[in-house]
Amino acid sequence: MNALFLELPESDSPEFAAYFGSRDRFSQKVGYKALSASPGKSEYEIETDESFFNPVGSLHGGVLFSAMDSSAGAAVAAWIKASGRTFKFMATASAEIKYLKGVKSEKIKIVTEITEHKGSVVKLLSKSLNEQDETVAELHSVWVVKFED
């Protein structure tokens, strides 16, 4: 099993999201953080400001995509940890994002949930919600998880 998973706290514990987030160096650089994670679910947050804007004055889509992809990773990791199974590999295989509303300087919450899993294929839905609790983007992702058993 990957060394990270040996060190991970139990997936239903409050420590899981904090530990997982502390190991995600990219999220620390960009500024989004894991709030919670449980088997197959996670919640992230990012506080946006003008430093995240694209040339036309709204949030760069890559910021949301990155945070949503990391949220999906935490949901998958918590699901694997809870399964007790040994895995060799996990990664995003494909993802489709739909931007539904522009985002300015505000706090964005990302909620992710596994919607289906069959064999090594795991499908997830991540939603980015603005401060008015409106969905501003959706990410449909497919992850591949290779188990040893």
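Biologist: What share of the contacts with a separation of 6 or more in the protein comes from residues 24 or more positions apart?
Modeller: Residues 24 or more positions apart account for 63% of those contacts, where a contact means heavy atoms within 4.5 Å. This is a predicted model, in which local features need pLDDT of at least 70 and side-chain atom pairs count only at pLDDT 80 or more, while totals for chains, interfaces and linings use all residues. Residues are numbered from 1 along each chain as its sequence is written, and side-chain values use heavy atoms, with hydrogens and water left out.

Biologist: How many helices and strands does the protein have, and in which pattern do they follow along the sequence?
Modeller: The protein holds 4 helices and 6 strands, which are DSSP runs numbered from the N terminus (H or I over at least four residues for a helix, E over at least two for a strand). Read along the sequence, they give the pattern α-α-α-β-β-α-β-β-β-β.

Biologist: Why is the protein called as compact as a globular protein of its length?
Modeller: Its radius of gyration is 15 Å, close to the 15 Å that the globule rule gives for 149 residues, so the protein is as compact as a globular protein of that length. The radius is taken over C-alpha atoms, and the rule is 2.2 Å times the number of residues to the power 0.38. Along the principal axes, the C-alpha trace spans about 50 × 25 × 25 Å.

Biologist: How much of the protein counts as buried, and what area does it expose?
Modeller: Of its 149 residues, 42% count as buried, a word that here means under 20% relative accessible area, with exposed meaning over 50% and partly exposed lying in between (1.4 Å probe, protein chains only). The protein exposes about 7700 Å², and carbon and sulfur atoms supply 50% of that area.

Biologist: What makes T112 a buried residue?
Modeller: T112, in strand β4 (residues 107-118), has a relative accessibility of 4%, and because this is under the 20% limit, T112 counts as buried. Leaving aside residues up to four places away in sequence, T112 touches several residues, among them G40, M68, A75 and L125.

Biologist: How do you know that the side chain of T112 makes polar contacts with S71 and S126?
Modeller: A polar contact is a pair of N or O atoms within 3.5 Å; within protein, one must be able to donate a hydrogen and the other to accept it, and residues adjacent in sequence count only if both atoms are side-chain atoms. The side chains of T112 and S71 meet at 2.7 Å, and those of T112 and S126 at 2.8 Å, so both values are within the limit.

Biologist: Why is S141 called buried?
Modeller: S141 belongs to strand β6, and its relative accessible area is 2%, which is under 20%, so S141 is buried. Not counting residues up to four places away in sequence, S141 touches A72, S94, A95, V122, K123 and L124.

Biologist: Is L59, a loop residue, buried or exposed?
Modeller: L59 sits in the loop between β2 (41-47) and α4 (61-83), and because its 8% relative accessibility is under 20%, L59 counts as buried. Among the residues it touches, not counting those up to four places away in sequence, are F52, F53 and V103. L59 and S105 are 46 residues apart in sequence, yet their C-alpha atoms are 7.9 Å apart in space.

Biologist: What makes D133 exposed?
Modeller: D133 lies in the loop between β5 (121-129) and β6 (135-147), and its relative accessible area is 55%, which is over 50%, so D133 is exposed. D133 also has a positive phi of about 65°, although it is not a glycine.

Biologist: Why are K98 and S36 called partly exposed?
Modeller: K98 is at 38% and S36 at 34% relative accessibility, so both values fall between 20% and 50%, and each residue counts as partly exposed. K98 is found in strand β3 (residues 87-99) and touches V136, A137 and E138, not counting residues up to four places away in sequence. S36 is found in strand β1 (residues 33-38) and, with the same exclusion, touches A17, S42 and E43.

Terms used
Areas by Shrake-Rupley, 256 points an atom, 1.4 Å probe, with all protein chains shown as cover.
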